[in-house]
Amino acid sequence: DVYKRQAWVVCCAVVSGVAFACSSVPTSARPKPPMPNSTENNPAETKRTLSHGLATRDNNFFLMRLLAGAMVLINHSFALTGYHAPGEPVNGYLGRSIAVDVFIISGGLLLVRAFEKRPHPGRFLLGRAARIYPALGVSVIGFAIFAGPFFTTLGLKDYFTDGQTWRHIAYQMSILLREGDLPGVFKDNPYLSTINGSLWTLRVLLAYYLLVAILGGLRLLEPTLKSGLVLLGGVVLSGLMVSGVLPAFWPGVLDLAVRYSPAFGVAVLLSVYRKYIPLNAWLAVIALALIGLFLAAGYDRIPAWFRIPTAIGLVYFMAYIGCVRISAFRWFNRLPDVSLGIYVYGFPVQQSVIHLNPGISPWSVFAISLPITVLLAWASLRWIELPIANFVKPRREEATPVITTKTPESTGAVS
């Protein structure tokens, strides 16, 4: 019965995808004026390439990350209250795997352009640190210092003199070390003690930032034959390792980075060769069919050889949806990009709501947590993240803002 439901969901998704793809095909071939400084000015490119989609701010990546963040919040609302999410295991893939893939893939597509704007490994990493650490610091330090004493079962003096409090802050701010609990905090919650279970993705982010910086420093983010062979070899190698065909040799802290590396590697590869990648509706439908097979079979059941094609299909479909122009959704691009904040602040907000409301239902947790999380994310972006990002921007970029409410290189939780 579970697989029948999965098959029905997949069929509906494929039919919807076909209808959407057909409806998105332009009815007029009349070209639009090229954007200033856009790759459209290159006569060798057509406007229906990935290069054009990534060169403009008029894309759907922010909306996709926003929806992925909402899916994560829904999934966590069930997990943190001790319930199984409806529609498992399909919902589990959507809330845990696919939602994270959205952040990973959007990062891979956009980080290449971010490096091109700051073509130096040190400046690139400084810009990435300015994107993540302000929100991380507010979440980790702010909760430990101000919210932790309210939720702990210890006295105020015992809480602040307990070494675990300061180890928690140091370990979480390092990103690489795992230390999830504060003394006496959330001891009565169904999901015991964990303060922010979403921060594991930042270790994946850090690994990918370093990888992009190394590739850029070695001039392997240029559309050359050498770059293509190296990137394609990395995708194949990581796919074989994740599939178990080759033994894994990575340290434990990077295990999840390798888990998502096929999709990230394909995204980087497509971004490097973006001016040669067509945005075709029927290719997107084929890619969606591959994703449907992935959802129907389950990650652990699909053959090892099928996982790399699945990663290619997922990346291409997301790239197409992210770059296709949908006029009804353009107003989202005028909103502040709070996708990173939703990912960083959502988990502790949900744990706090559950602690203050014992026995609360999962959907109530989501309904209460979402507006609080969005408000925190907006405030953090407005008064902390943007000022710091503008402070560390290169001098040659001072004529134009580094980050507005949303830019092509702003990639949320995994950018």
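**Serine 139 and the H11–H13 crossing**

Biologist: Is serine 139 buried or exposed?

Modeller: This is a predicted model, in which local features need pLDDT of at least 70, side-chain atom pairs count only at pLDDT 80 or more, and totals for chains, interfaces and linings use all residues. Residues are numbered from 1 along each chain as its sequence is written, and side-chain values use heavy atoms, without hydrogens and water. Buried means under 20% relative accessible area, exposed over 50%, and partly exposed in between (1.4 Å probe, protein chains only). Since its relative accessibility is 7%, serine 139 counts as buried.

Biologist: Which residues is serine 139 in contact with, leaving aside its neighbours within four places in sequence?

Modeller: Serine 139 is found in helix H5, residues 121-151; helices are DSSP runs of H or I with at least four residues, numbered from the N terminus. Contact means heavy atoms within 4.5 Å. On that criterion, the partners of serine 139 are Asn196, Val344, Tyr345 and Pro348.

Biologist: How are H11 and H13 oriented to each other?

Modeller: The axes, lines fitted to C-alpha atoms over the stretch in contact, give angles from 0 to 180 degrees between N-to-C directions. Those of H11 (residues 261-272) and H13 (residues 307-323) come within 9 Å and cross at roughly 55 degrees. Angles under 35 degrees count as roughly parallel, over 145 as roughly antiparallel, 65 to 115 as roughly perpendicular and the rest as oblique. H11 and H13 are therefore oblique.

Biologist: What share of the residues of the chain count as buried?

Modeller: The chain holds 15 helices and 0 strands. Of its 415 residues, the share that count as buried is 52%.

Methods. Helix = DSSP H or I, 4+ residues; strand = E, 2+ residues; numbered from the N terminus.
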